[in-house]
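Got the viewer open and the cartoon on? Let's take a walk through this one, one selection at a time.

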Amino acid sequence: MDKLLKAGCMTVSDHKLQEAIDTLRDSGVRITPQRHAVLEYLLNSMIHPTADDIYKALEGKFPNMSVATVYNNLRVLRQIGLVRELTYGDSSSRFDYNSSEHYHIICEECGKIEDFHYPVLNEVEDLAEQVTGFDVSHHRMEIYGTCEDCKALETQKH
């Protein structure tokens with residue numbers, strides 16, 4: 001990695017992938033080709049995919065890989081803190097590479113999820129602890145609305 005970085009041949013995405021691989025190594029987790037592929041897919045994905053989305057995207061490259069393998073890899077990546085599992089009621093969990101603190105905006109029409117960056121609301125956690133006596137571990141904020149694509153479709157209908 002150092003040679004590539006010094007040569008200026010490494011993209012930001014490559015650098016993040018290498019950092020994630022280093023985190024796996026430091027945690028004592030084996031880096032299998034499938035685990036590497038799942039991690040790389042998540043790192044480059046902007047759609048917050050389901051496990052099934054990841055499986056479908058990678059099955060051509062790994063024909064012997066099962067959906068269970070994808071779930072197992074996602075579980076390991078989540079436990080280490082590299083991936084966040086996003087659950088929304090009855091629908092399938094979606095997964096997000098945990099690169100920075102951010103929130104999500106979700107289309108109520110099509111279910112599209114986009115990252116929304118806003119300063120972290122640590123003061124809300126502090127206040128919640130003071131008011132309730134809870135030990136707060138984290139919070140999650142979601143904003144709902146209609147995405148540009150769905151608004152355009154609605155406009156075309158009228």
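## A nonpolar patch to begin with

Select Ile105, Phe116 and Tyr118 and switch on the surface: together they make a nonpolar patch of about 260 Å². Bear in mind as you go that this is a predicted model. Now click on Tyr118, in the loop that runs between strand 4 (113-116) and helix 6 (122-132). With a relative accessibility of 46%, Tyr118 counts as partly exposed.

## The annotated cysteines and a histidine

Next, pick Cys107, Cys110, Cys147 and Cys150, which an unreviewed UniProt entry lists under "binding site". They are spread over 44 residues of sequence, yet they cluster in space, with a largest C-alpha distance of 8.2 Å. Zoom in on Cys107, which sits in strand 3 (residues 103-107). Is Cys107 buried or exposed? It counts as buried, at 5% relative accessibility.

While the annotations are on your mind, add His139 to the selection: the UniProt annotation "binding site" (again from an unreviewed entry) covers it too. You'll find His139 in the loop between helix 6 and strand 5 (142-145). His139 counts as partly exposed, at 27% relative accessibility.

## Helix 5, end to end

Move on to helix 5, residues 67-80. Put a distance label between its end C-alpha atoms and you should get 20 Å, in agreement with the 20 Å that its 14 residues should span at 1.5 Å a residue. Then show side chains for Val70, Asn73, Leu74, Val76 and Leu77, which are buried. Look down the axis of helix 5: its buried residues fall within an arc of 160°, so they line one face of the helix. Just past the helix comes Gly81, with a positive phi near 100°.

## Helix 3 and an unusual loop residue

Try the same with helix 3. Its 12 residues should span 16 Å at 1.5 Å a residue, and its end C-alpha atoms are indeed 16 Å apart. Colour Arg35, Ala37, Val38, Leu39, Leu42 and Leu43, since these are buried in helix 3.

Follow the chain out into the loop between helix 3 (33-44) and helix 4 (51-58), where His48 sits. What is the sign of phi at His48? It is positive, at about 55°, although the residue is not a glycine. Most residues other than glycine have a negative phi. His48 is also buried, with a relative accessible area of 3%.

## Salt bridges

Last stop: charged pairs. Side chains of opposite charge can pair when their charged atoms come close. The count here comes to 5 salt bridges, and three stops will do for this tour.

- Select Asp22 and Arg25, whose closest N and O atoms are 3.7 Å apart in a salt bridge. They are 3 residues apart in helix 2 (residues 12-26), so about one helical turn separates them. Asp22 is partly exposed at 30% relative accessibility, while Arg25 counts as exposed at 52%.
- Go to Asp52 and Lys56, where the side chains meet in a salt bridge at 3.1 Å, N to O. These two are 4 residues apart in helix 4, again about one helical turn. Asp52 is partly exposed at 32% relative accessibility, and Lys56 is exposed with a relative accessible area of 53%.
- Finish on Glu114 and Lys112, whose side chains form a salt bridge with an N to O distance of 3.1 Å. Glu114 counts as partly exposed at 39% relative accessibility, and Lys112 is partly exposed with a relative accessible area of 35%.

Notes: Residues numbered from 1 in each chain as written. Predicted model: local features only at pLDDT ≥ 70, side-chain atom pairs only at ≥ 80, totals over all residues. Heavy atoms only, no water. Expected span 1.5 Å × (residues − 1). Buried < 20%, exposed > 50% of the residue type's maximum accessible area, 1.4 Å probe, protein only. Arc of directions from axis to C-beta. Patch = residues over 30% accessible without salt bridge, like charges linked within 9 Å, V, L, I, M, F, W, Y side chains within 5 Å. Areas by Shrake-Rupley, 256 points an atom, 1.4 Å probe, with all protein chains shown as cover. Salt bridge = Lys/Arg side-chain N within 4 Å of Asp/Glu carboxyl O. UniProt positions renumbered as here; feature names shortened; annotations may be inferred.
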